[in-house]
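Student: I've got a protein model to go through and I'd like to practise reading it. Could we take it piece by piece?

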Amino acid sequence: MRAWTVRTPGRLDPAELPVPRPAAGELLVRVRACGVCRTDLHVRDGELPPHRTPVVPGHEVVGEVVAAGPGAAGHAVGARVGVPWLRHTCGRCRFCQGGRENLCPHSRYTGWDADGGYAEYTTVPAAYAYPLPEGYPDTALAPLLCAGVIGYRALRRADLPPHGRLGIYGFGGSAHLTAQVALAEGATVHVLTRSASARRLALDLGAASAADAYAAPPEPLDSAILFAPVGDLVPTALTALDAGGTLSIAGIHLSGIPALDYERHLFHERTLRSVTANTRDDGRAFLAAARAHALRTTVTPYPFEQADRALDDLAADRVNGAAVLVM
């Protein structure tokens with residue numbers, strides 16, 4: 001099968017690989033579309049330490065089940081399924097037992113610990129594959145599987161009160177989906193991002209305002225989410241919070257955070273929270289929201305043969321919405 005692999009940090013190389021065989025409890029999935037996520041950039045560029053070399057990136061996979069290993073249940077051959085970032089948790093540790101499997105120390109991830117969706121076929125443990133909502137084309141579903149799910153968890157971690165004021169810093173694949181969920185739930189959304197085209201998209205989707213990433217929003221924020229992997233924005237976002245506000249940081253990687261001033265940035269019970277991956281319950285809840293609200297996914301499609309260009313465009317902020325590889 002055709003695939004793309006990371007062997008050396010900074011490079012994505014085409015390859016010919018054997019079609020994988022599903023192990024016990026796994027599904028073999030023919031890939032129809034695969035989202036291009038910023039985490040794939042971190043894998044390619046070595047910002048996430050290699051867990052498997054070489055590795056096929058990609059963890060926003062929409063595909064068709066073509067075979068099942070022994071004991072795999074819950075998804076019929078021919079079904080459309082989603083293959084997400086979270087691939088395995090132990091089920092036994094205190095985090096798994098306490099409903100926080102995203103913190104499992106034995107967790108494994110698609111496109112990092114195991115080969116992912118930048119290929120014609122991939123495998124997934126059946127217990128971690130998602131049934132997908134009807135009414136969306138494959139390309140629109142792909143970004144929901146990581147960008148959407150992580151954004152949903154970041155929104156919940158931000159403790160946005162009912163009809164609250166939400167600031168979103170950075171407005172790519174994850175943020176433009178999260179904004180729609182927040183708007184559907186009655187929030188007022190202010191978008192802060194350096195991309196002029198992203199600001200136009202934000203206003204088109206219903207944001208109350210859109211300005212440069214370092215600008216002050218037009219009113220104090222109850223909550224904020226930092227999607228841009230830019231540590232310099234942390235004090236900026238904290239300053240924009242009202243008393244009692246919460247900032248959640250959605251990314252898996254963030255550049256250095258400048259020194260914080262307690263009085264300006266944290267006093268008056270402002271809260272700073274990180275977001276680490278997601279639970280399967282997060283994914284199920286977000287996909288239920290996608291069924292309920294008919295989210296508009298803004299997608300820039302790329303032929304599978306141009307996966308390297310898609311990653312380069314994402315790194316340079318040349319992608320409007322979410323980049324998706326199409327088979």
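Tutor: Sure, here come some questions and answers on a few helices, a strand and some loops. This is a predicted model, in which local features need pLDDT of at least 70, side-chain atom pairs count only at pLDDT 80 or more, and totals for chains, interfaces and linings use all residues. Residues are numbered from 1 along each chain as its sequence is written, and side-chain values use heavy atoms, with hydrogens and water left out.

Student: How do helix H4 and helix H9 pack, roughly parallel or roughly perpendicular?

Tutor: Helices (H or I, at least four residues) and strands (E, at least two) are DSSP runs numbered from the N terminus. Axes are lines fitted to C-alpha atoms, for helices over the stretch in contact, and angles run from 0 to 180 degrees between N-to-C directions. H4 (residues 147–157) and H9 (residues 280–293) have axes 9 Å apart, at an angle of about 100 degrees. Under 35 degrees counts as roughly parallel, over 145 as roughly antiparallel, 65 to 115 as roughly perpendicular and the rest as oblique, so H4 is to H9 roughly perpendicular.

Student: Which residues of H9 make that contact?

Tutor: Contact means heavy atoms within 4.5 Å. H4 brings Gly-148, Val-149, Tyr-152 and Arg-153, and its partners in H9 are Asp-282, Gly-283, Ala-285 and Phe-286.

Student: What does H9 pack its buried residues against?

Tutor: Buried means under 20% relative accessible area, exposed over 50%, and partly exposed in between (1.4 Å probe, protein chains only). In H9 the buried residues include Asp-282, Gly-283 and Phe-286. They pack against strand E6 (86–88), strand E9 (130–131), H4 and H5.

Student: How many residues of H5 are buried?

Tutor: Gly-173, His-176 and Gln-180 are among the buried residues of H5. Out of twelve residues in this mostly covered helix, the buried ones number ten.

Student: Why does Gln-180 count as buried, and which residue's backbone oxygen does its side chain reach?

Tutor: Gln-180 sits in H5 (residues 173–184), and it counts as buried because its relative accessibility is 12%. Leaving aside neighbours within four places in sequence, Gln-180 is in contact with Leu-205, Leu-295 and Arg-296. At 2.6 Å, its side chain reaches the backbone oxygen of Arg-296.

Student: Which side chain makes a polar contact with Ser-209?

Tutor: Ser-209 is part of strand E12 (residues 209–211) and is buried, at 16% relative accessible area. A polar contact is a pair of N or O atoms within 3.5 Å; within protein, one must be able to donate a hydrogen and the other to accept it, and residues adjacent in sequence count only if both atoms are side-chain atoms. The side chain of Ser-209 has such a contact, of 2.7 Å, with that of His-190.

Student: Where is the cis peptide bond that leads from Thr-53?

Tutor: Look in the loop between helix H1 (38–44) and strand E4 (61–68), where Pro-54 is found. Omega is near -10 degrees for the cis bond from Thr-53 to Pro-54.

Student: Is His-268 buried or partly exposed?

Tutor: His-268 is in the loop between helix H8 (262–266) and strand E15 (271–274). Its phi is positive, near 65 degrees, in a residue other than glycine. With a relative accessible area of 44%, His-268 is partly exposed.
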